[in-house]
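Hi,

Here is the structure I said I'd pass on. Have a look at it first, and then read my notes underneath.

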Amino acid sequence: MVYDVIIIGAGPAGLTAGIYAKRACLNALVLRDKYAVSSQICNTYEVCNYTGFNNISGQDLYDNFEKHAKEIGVEIVDEKALEITDIYLDVKKVKTKNAEYETKTIILASGGTPKKGGFEREDDFIGNGVSYCATCDGAFFKDKEVAVIGGGDVAVEDAIFLSRFAKKVYLLVRKNEMRATKALQEEILKATNVEIFYETVVKSIIGDDKFEGLLIKFKNDIILSELSVDGVFVGIGMNPDTSLLKDKVEMDGDYIKADETCETSVKGIFVAGDVRKKQLRQVITACADGANAITSVQKYLLEKTK
Ligand code: NDP
């Protein structure tokens, strides 16, 4: 069987594409890498800017998306897409570990993975003091002292979340200002157990086998300072997971080049969500991409039949 569209990724962009595909009566398949789905939205403690929801956990919002997709019969298969081939042909192929699927179009909606902090000994302490997910690991730090690296929405949300049960939270921002939205900045400034260090970067971890703290550098200091904390959360952005199309479509830096139509430089290949070059990467814009990508898929398929 040849699908009309295979959607790679089942985050907000991929599931929205699945829902729009179903409503457009397209023969669609969503490939979900179970492990990737457990990142981004599911790891967001609170989403406060998705229209219609003043405050909902990322996991609950995701569950709603998934329920909606399943209720209308979107075909979701828990298989990781490993390779895309024949992208210039009318029938393209997507390989997984156990199958090879044929499709007329592909939407890559594979999201991204958290960036590493890049400080010394980071890898040695992953899961043992270094975390990239406050909602997953925060509970281990009840009544303890922790640091959060970053000044964007994720880091500030993480610091607010952790401040509710950690004894003390240090937010380490590398510039002299945060990048997070004003509402979050106002909220964190109200937290009495959060201390913000600006123009501060982490150099290394202190401790032999046990995580004991961080070596940090304040901008104007020549010597490094010790910050005694029980753990560090890295919240400095993500790397888009574009590997399936790397060197096959036009890129713009780390992202795949595509405008609001979500069309890439190769006919029949589309992108949606965080892998696409765009101004704002949020749940709502990921969903918008999913809808736009299916509209473009429909136009492409119609052209092919003329
Ligand atoms: P951002 O890219 O927005 O911010 C990254 C932050 O990390 C910046 O403060 C940046 O500093 C800092 N940083 C980057 N690299 C380093 C480094 N090596 N060392 C120290 N600091 C570093 O990423 P986020 O993950 O915060 O957010 C990603 C996207 O997700 C954004 O568009 C955000 O709005 C969105 N988001 C949306 C939510 C929602 O819809 N509710 C919730 C959370 C996030 P600098 O400013 O100096 O570059």
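Below is what I found, starting with the ligand and moving on to two helices, a buried aspartate and some backbone angles.

Before anything else: this is a predicted model, so please read everything below in that light.

**The ligand**

The ligand has 16 residues around it, and the closest are Gly151, Asp153, Arg174, Arg179 and Gln282. Sorted by class, that shell holds six charged, seven polar and three nonpolar residues. Which element gives the largest share of the shell? That is helix H5 (residues 153–163), with three residues.

I looked at some polar contacts as well. On the side-chain end, an N or O atom of Asn49 sits 3.1 Å from a nitrogen atom of the ligand. Backbone atoms take part too: an N or O atom of the Gly151 backbone is 3.0 Å from a ligand oxygen, and for a backbone N or O atom of Gly237 the distance to an oxygen of the ligand is 3.3 Å. As for cover, the ligand on its own has 920 Å² of accessible area, and the protein covers 80% of that.

**Helix H5**

Back to H5, since it also supplies part of the ligand shell. Is this helix largely enclosed or largely open? Eight of its eleven residues are buried, so H5 is largely enclosed by the rest of the structure. The buried ones are Ala155, Val156, Asp158, Ala159, Ile160, Phe161, Leu162 and Ser163. You'll notice Asp158 in that list, a charged residue among the buried ones. The cover over these residues comes from several elements, including helices H4 (134–137) and H6 (182–190) and strands E9 (145–149), E10 (168–172), E11 (194–197) and E15 (231–234).

**Helix H1**

H1 (residues 12–23) tells a similar story. Nine of its twelve residues are buried, so H1 too is largely enclosed by the rest of the structure. Those nine are Pro12, Ala13, Gly14, Leu15, Thr16, Ala17, Gly18, Ile19 and Ala21. Among the elements that cover them are strands E1 (2–8), E2 (28–31), E3 (76–77) and E6 (100–108), plus helices H3 (58–71) and H7 (283–305).

On its geometry, H1 spans 17 Å from first C-alpha to last, close to the 16 Å expected at 1.5 Å a residue. After the helix comes Cys25, with a positive phi near 60°.

**Asp289**

H7 is worth a second look, as Asp289 is found in it. With a relative accessible area of 3%, against a cut-off of 20%, Asp289 counts as buried. What does its side chain pair with? A polar atom of the Asp289 side chain lies 2.8 Å from the backbone nitrogen of Gly273. Leaving out residues up to four places away in sequence, Asp289 touches Cys262, Ala272, Gly273, Arg276 and Lys278.

**Two more positive phi values**

Most residues other than glycine have a negative phi, which makes the next two worth checking on your screen. Asp86 has a positive phi near 55°; it sits in the loop between strands E4 (83–85) and E5 (92–95). Asp247 has a positive phi of about 65°, and its place is the loop between strands E16 (238–240) and E17 (251–252). Buried or exposed? Asp86 is partly exposed, at 29% relative accessible area, while Asp247 counts as exposed, at 77%.

That's it from me for now.

Cheers

Conventions: Residues numbered from 1 in each chain as written. Predicted model: local features only at pLDDT ≥ 70, side-chain atom pairs only at ≥ 80, totals over all residues. Heavy atoms only, no water. Near = heavy atom within 4 Å. Polar contact = N/O pair within 3.5 Å; in protein donor to acceptor, adjacent residues only side chain to side chain. Areas by Shrake-Rupley, 256 points an atom, 1.4 Å probe, with all protein chains shown as cover. Helix = DSSP H or I, 4+ residues; strand = E, 2+ residues; numbered from the N terminus. Buried < 20%, exposed > 50% of the residue type's maximum accessible area, 1.4 Å probe, protein only. Contact = heavy atoms within 4.5 Å. Expected span 1.5 Å × (residues − 1).
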